[in-house]
Amino acid sequence: MESEADYIIVGAGSAGCVLANRLSAEPGTRVLLLEAGPPNDDLFLKIPSAMAHNLQRTTHNWAFQGEAEPGLGGRSVKHDRGKTLGGSSSINGMVCIRGHADDYNAWRQMGAAGWSYADVLPYFKRLETYEGGADAYRGGEGPMRVARPDPARLHPLSRAFLEAGAQAGYPRTDDICGAAQEGFGLLDQTIHKGERWSAARAYLDPARTRPNLRVETGRLVRRVLFEGKRAVGVEIDDADGGARRLTARREVILSAGAVGSPHLLMLSGIGPAAHLAEIGVETLADRPGVGANLNEHPDFVVKVGLRQPISLWPQTRGPRRIAAGLRWLLDRGGVCASNHFETVACIRSGPGVSYPDLQLTIAPIAMQVDGWTPLPRHAFQIHVGLMKAHSRGSIRLRDANPRSPPRIRVNYLDNPRDAARLRQGVRLVRELLGQPAFEDLAGEELFPGPEAQSDDALDDRLRDAVDTQWHLSCTARMGAADDPQAVVDAEGGVYAVERLRVVDASVMPEVVNGNTNCPTLMIAEKMSDAILGRPPLAPIEAPVRRAPDWERAQR
């Protein structure tokens, strides 16, 4: 078996699949893509509605158990991360949203030169084929298929959600990835012809037949190998339990995600020197930002009983569940062909907030405390996502064993502003549910419950129920060379060493106001040009519509 390649890519998640495709498109370039998990040939990975099923298993999910969270009363949160070709895009919620233009303008101001909204928009366009049609903001020829829900076929709860937003005085947006993110609108999905459209489907499958691309699954990388400060390859587990060396003639690229990439950097001696010494790892480069600055989107769920029998709950049981599965197998249609997140609201929590910091999504079913078992009744839930949390966490080594899971502490609600904004989010949801559109649909509030009105009562519920939106990021952030907390430069190159890059969500300077899969694809698209020595695509100066500060009528 070959042991050399020009580029070794560690991690076949969203970013790794993009890189494998773009780099191997150069015929004379030999690319090796390593994935610790198994192949993505499980049928359940294709079924959009099977997300909960896939997340409950560890076959394709790292399912990292986080550290005790002080802000959650010592409760531990499980962090699901993809462990297969396609990574988290093979098990996630299939939501496609880019974030706000000001997210990327802030990246540039934080030292990531060349990452303004105008700079990244052409790469967002390049990565997608949008079902709604190409325009100044959307792409029409990219590998990632992006579906737009049909407004005429929305679930009654999704229609009520949009109508209630208008009744409450919020703006409406025709395209959350277009000129105006703020407001209530349709939520795009990475689904194509009734199947999940992961990064593996979009990018890796079309490239698999190239003779210069080799993909290996079940390959756990132990560490990056160096000669002096120059990366020369990686060490992997061998079949007999030993170690095997793989050589990279040009670069090693870490695309193992916001957990895996900093974990591997630290195992390789790049990270906070004091922490590495404590663990017993020899320091190659003292970079305190590695594993620091962990960003996340806390999630809180408001659950409501229904006055009408229109939830999906009956279709999750017995014969109706079997029938739904058979329908999908026959024609890729029916309830199994959707993620059931059809609409979204990107809103601001209050005056003085410059652009949306809350994301509301409605689901036509309500789940029990475990998050996976439906409530045995007709009910629905609205997720309140805090998209600009002020708390910061960390990824740290547990020990020097590459197979030991890292220590993940998000520090949920560590900053009191986060709890305040989530409380406001709950109150805004209650106001939304009080609009005429929900009058014949919304029954009693099941959780947090009508008794939870005061700040103290809501804080108790937050501590009990805040969970992850699976958007861990920013643990090897981009920044200027004189920024001691920056880990990589604007092209993903790791400071203080040579021929090593990080390309994934960990390089975000700050998490975007939206789900992270689509931005991660964009990052890999943009950095693939840098790796190949190509000039970046020309910036697109598209107008961005911003609602006046807190224009919504207060009712």
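A pocket, as I use the word here, is an open set of grid points with protein on both sides within 12 Å along at least five of seven lines, and its lining residues have an atom within 4 Å of a point. I am working on a predicted model.

**Entry: the second largest pocket.** With that term in hand, I looked up the second largest pocket and found 24 lining residues. Among them, R153, G334, A337, S338 and E342 lie nearest its centre. I noted a volume of about 700 Å³ for this pocket. Its lining splits into eight nonpolar, eight polar and eight charged residues.

**Entry: cavities.** Next I searched the whole structure for closed spaces, and three cavities of 30 Å³ or more turned up. The largest of them has a volume of about 90 Å³. Which residues line the largest cavity? I listed R98, G99, H100, A101, Y117, I176, C177, G178, A179, Q181 and V544. By type, I have six nonpolar, four polar and one charged in that lining.

**Entry: nonpolar cores.** I then turned to the cores. The largest one holds 140 residues, and W107, L265, F380, F438, L500 and M522 touch the most other members. A second core of nine residues is separate from it and includes C177, L187, F341 and C346. I was pleased to meet C177 again, as I had already written it down in the lining of the largest cavity.

**Entry: helix α1.** Last, I checked residues 14–24, helix α1, where ten of the eleven residues are buried. Those buried include S14, G16, N21 and S24, alongside V18 and L19. I traced their packing partners to the strands β1 (4–10), β2 (31–35), β12 (213–217) and β15 (243–254), and to the helices α6 (199–207) and α12 (517–531).

Notes: Residues numbered from 1 in each chain as written. Predicted model: local features only at pLDDT ≥ 70, side-chain atom pairs only at ≥ 80, totals over all residues. Heavy atoms only, no water. 1 Å grid on protein atoms, 1.4 Å probe; cavity = no way out; pocket = protein on both sides within 12 Å on 5 of 7 lines; lining within 4 Å. Points joined across faces, edges and corners; volume = space filled by probe spheres on them. Nonpolar A, V, L, I, M, F, W, Y, C, P; charged D, E, K, R; others polar. Core = buried A, V, L, I, M, F, W, Y, C linked by side-chain atoms within 4.5 Å. Buried < 20%, exposed > 50% of the residue type's maximum accessible area, 1.4 Å probe, protein only. Helix = DSSP H or I, 4+ residues; strand = E, 2+ residues; numbered from the N terminus. Contact = heavy atoms within 4.5 Å.
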